[in-house]
Amino acid sequence: TSPPDERGLIRRKGGNAHPDAVAFMRAHWDAFVTEADVAQMAAFGITHLRIPVGYWLVDWRPEDGFVDGGEAYLRRLLAWLRPRGLKAVLDLHALPGAQTPRQSFTGCVDCYERGQQM
């Protein structure tokens, strides 16, 4: 079965410091949004790009179970937007402990149980 969230995926890849997990996330970050994608969005007339991010992107802690390094890719994306006149809306999509129980969009489906951070 597929892991329910990003943290579970990283755990299956050996943990946030394991070379397989780090390589997997770097490959994802490299390909998820490309400069060609940004150019195409600008050509379509898009003016703003909503970018969902988890807290661990800028407040990384090893014990949270996520791979470090995503902030550099966010900065790269922002640099691609600027010369094309596009604006970014950064959406803080996940906070420590999750916002609602058992929701994969928070990055950690099992981090919150009955209102208590796990």
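## Strand pairing and crossover

In strand β2, Leu92 is the bridge partner of Val53. The structure described here is a predicted model. A further pair across the two strands is formed by Ile51, which stands opposite Leu90 in β2.

Strands β1 and β2 run parallel and are joined by seven bridges. The connection between them passes through a helix: the chain goes from β1 through α4 to β2, and this β-α-β crossover is right-handed.

## Overall architecture

The secondary structure of the protein consists of four helices and four strands. Read from the N terminus, the order of the elements is α-α-α-β-α-β-β-β.

The protein has 118 residues, of which 33% count as buried. Among contacts between residues at least 6 apart in sequence, 62% join residues at least 24 apart.

## Helix α4

Helix α4 has twelve residues, and at 1.5 Å a residue these should span 16 Å; the C-alpha atoms at its ends lie 17 Å apart, in agreement with that expectation.

The buried residues of this helix are Gly70, Tyr73, Leu74, Leu77, Trp80 and Leu81. They cover an arc of only 120° around the axis, and therefore lie on the same side of α4. Ala72 and Arg75, on the other side of α4, are exposed. The packing partners of the buried residues of α4 are α2 (19-32), α3, β1 and β2 (87-94).

## The nonpolar cores

The largest nonpolar core is made up of twelve residues: Val33, Val38, Met41, Leu49, Ile51, Val53, Leu57, Leu74, Leu77, Trp80, Leu81 and Leu86. Two or more of its residues come from each of α3 (35-43), β1 (48-54) and α4 (70-81). Helix α4 supplies the largest share of this core, with four residues. A second, separate core has seven residues, including Ile10, Met25, Trp29 and Tyr73. Tyr73 is also listed among the buried residues of α4.

Leu74 belongs to the largest core. With neighbours within four places in sequence left aside, Leu74 is in contact with Ile51, Val53, Leu57 and Leu90. Two of these contacts recall the strand pairing, where Ile51 stands opposite Leu90 in β2, and Val53 has Leu92 as its bridge partner.

## Leu77 in its surroundings

Leu77 is located in helix α4 and is a member of the largest nonpolar core. Its relative accessibility is 9%, so Leu77 counts as buried, the cut-off for buried residues being under 20%.

Leaving aside neighbours within four places in sequence, Leu77 is in contact with Val33, Val38, Leu49 and Ile51. These four residues are likewise members of the largest core. Ile51 is also in contact with Leu74. Leu77 and Ala88 are eleven residues apart along the chain, and their C-alpha atoms are separated by 9.3 Å.

Terms used
Residues numbered from 1 in each chain as written. Predicted model: local features only at pLDDT ≥ 70, side-chain atom pairs only at ≥ 80, totals over all residues. Heavy atoms only, no water. Core = buried A, V, L, I, M, F, W, Y, C linked by side-chain atoms within 4.5 Å. Buried < 20%, exposed > 50% of the residue type's maximum accessible area, 1.4 Å probe, protein only. Contact = heavy atoms within 4.5 Å. Expected span 1.5 Å × (residues − 1). Arc of directions from axis to C-beta. Pairing = 2+ DSSP bridges. Right-handed = clockwise from strand over helix to strand, strands pointing away.
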